[in-house]
Amino acid sequence: MLVVMQAQATEEQVRAVCQKIEALGYRAHSIPGAQRTAIGITGNQGEVDAGTLEEMPGVQEVIRVSKPYKLVSRDTKPDNTVIKFPNSPATIGGPHLAIIAGPCGVESREQAFTIAERVARAGAQFFRGGAYKSRTSPYSFQGLGEEGLKIMAEVRDRFGLLIVTEAVDYESLDLVDQYADVIQIGARNMQNFSLLKHAGRLRKPVLLKRGLSATLDEFLMAAEYIMSEGNYEVILCERGVRTFTDHTRNTLDLSIVPAVQRLSHLPILVDPSHGTGKRDSVLPMARAAVAAGADGVLVEVHHQPDKALSDGPQSIYPDQFVHLMDEIEQIAPVIGRSLHRGIHIETAAD
Ligand code: PEP
Ligand code: MN
């Protein structure tokens, strides 16, 4: 159920409706919009008796949300969610494309700094790199753990980049929350519901990757898990799904971009690195993602991909990343978007 408040409803009236919903034993989610505030109701098994709420001052109407996802839905919030960051002009979901770049894993301070400097110079505003890696094999590189998070925090201080890094379980979630600007939840954890709920109790944006075989509904329901706990800053990320195709690591499903945008107000990014698994395919698919209307891209970049401890074959060289930025900068205006590349990097000569 959704309580739609009148455009001129006061904050007090919104608060009173929320209190009433909670008093009835449900959870109220106040969602301010450009025109009016909507209040989502969750925690109800069946239909909520609309009568009592409809009578309250400031309420325009009480409507049933027929979709299984409620807080994620555009019915609840017609205008796009734009994620903002304290102390940074970067946004995710607004007119400016969000570009997240960096290695698959943080391997050393030197590796992270070398790549961060290159991607910052090229104009990325977000630096990615896993300190905890969920690998298919237990014998593969598992990440540097907290040491890796500390390196990421140093990268933020040095280059002014916002940090995106993955949490794989409760322990890492708490640590990642302390160090990161965006918490990534990986494809293999997209239906780890207890992890999603924990992330929902934090107050930090969550980048949720699509599961390897997740349908659109399953993807949106995973986001709903996070939002139902009160964290409304969810960023979706298409990263390819398993198909019979074997010329790429996964099949990048770009058609999910308009499908998500029709149903949901949440931002959707595209990851052509995991989506293709092939260095040469990353640039063309990044161009296509932007052309399809994605809110940005997430790409793996490594200065020595042949020595990378994970995902070397799909990591592009820093020069290729510059090229990628140049090209999407030209595509962006065609679809009413733009790329901000304004970060100033101090060098030893400065
Ligand atoms: C990653 O971003 O490095 C990663 C492991 O991604 P995914 O969860 O999409 O496989
Ligand atoms: Mn990777």
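Is Tyr139 buried or exposed? In this predicted model, Tyr139 is exposed, with a relative accessible area of 77%, where exposed means over 50%, buried under 20% and partly exposed in between, using a 1.4 Å probe and protein chains only. Tyr139 sits in the loop between strand S8 (126–128) and H4; helices (H or I, at least four residues) and strands (E, at least two) are DSSP runs, numbered from the N terminus. The C-alpha atom of Tyr139 is 48 Å from that of Ile39, with the two positions 100 residues apart along the chain.

Residues are numbered from 1 along each chain as its sequence is written, while chains are lettered from A and ligands numbered from 1 in the order in which they are written. Local features need pLDDT of at least 70, side-chain atom pairs count only at pLDDT 80 or more, totals for chains, interfaces and linings use all residues, and side-chain values use heavy atoms, with hydrogens and water left out.

We can turn next to the metal site. The manganese ion (ligand 2) has as its protein donors Cys104 (SG), His274 (NE2), Glu300 (OE) and Asp311 (OD), at 2.0 to 2.4 Å. Donors here are N, O and S atoms within 2.8 Å of the metal (3.2 Å for Na, K and Ca), and water is not among the atoms, so sites may look incomplete. Along the sequence, the donor residues follow the spacing C-x169-H-x25-E-x10-D. Glu300 belongs to strand S14 (residues 296–300), and Asp311 to the loop between S14 and helix H11 (318–331), 11 residues apart. Glu300 counts as buried because its relative accessibility is 0%. Asp311 is likewise buried, at a relative accessible area of 17%. The backbone of Asp311 deserves a look as well: its phi is near 55°, a positive value in a residue other than glycine.

A positive phi also appears at Asn87, about 65°, although Asn87 is not a glycine. Asn87 is found in the loop between strand S5 (83–85) and strand S6 (88–92), and counts as exposed at 85% relative accessibility.

Helix packing comes next. Helix H6 (residues 193–200) and helix H7 (residues 216–228) have axes 6 Å apart and pack at an angle of about 45°. That angle makes H6 oblique to H7. Axes are lines fitted to C-alpha atoms, for helices over the stretch in contact, and angles run from 0 to 180 degrees between N-to-C directions; under 35 degrees counts as roughly parallel, over 145 as roughly antiparallel, 65 to 115 as roughly perpendicular and the rest as oblique. The crossing of H6 and H7 is right-handed, a term for the near helix being turned clockwise from the far one by less than a right angle, with anticlockwise giving left-handed. From H6, the contact involves Phe193, Leu196, Lys197, Ala199 and Gly200, and from H7 Ala222, Tyr225 and Ile226, contact meaning heavy atoms within 4.5 Å. Sorted by class, these are 6 nonpolar, 1 polar and 1 charged residues. In this scheme Ala, Val, Leu, Ile, Met, Phe, Trp, Tyr, Cys and Pro count as nonpolar, Asp, Glu, Lys and Arg as charged, and the others, Gly among them, as polar.

Leu208, in strand S11 (residues 206–209), touches residues that include Leu196, Ala222 and Ile226, not counting residues up to four places away in sequence. Other partners of Leu208 include Ile185, Met190, Phe219, Val234 and Cys237. Leu208 is buried, with a relative accessible area of 0%.

The axes of helix H10 (residues 279–291) and H11 come within 9 Å and cross at roughly 20°. H10 is therefore roughly parallel to H11. This crossing, too, is right-handed. On the H10 side, Arg279, Val282, Leu283, Ala286, Arg287, Val290 and Ala291 meet Gln320, His323, Leu324, Glu327, Ile328 and Ile331 of H11. The contact of H10 with H11 has 8 nonpolar, 2 polar and 3 charged residues.

Two further residues complete the account. Gly275 lies in helix H9 (residues 272–276) and counts as buried at 0% relative accessibility. Beyond its neighbours within four places in sequence, Gly275 is in contact with Arg239, Gly240, Asn250, Thr251 and Leu252. Arg158, in helix H4 (residues 146–159), is partly exposed, with a relative accessible area of 39%. The C-alpha atoms of Arg158 and Tyr26 are separated by 45 Å.
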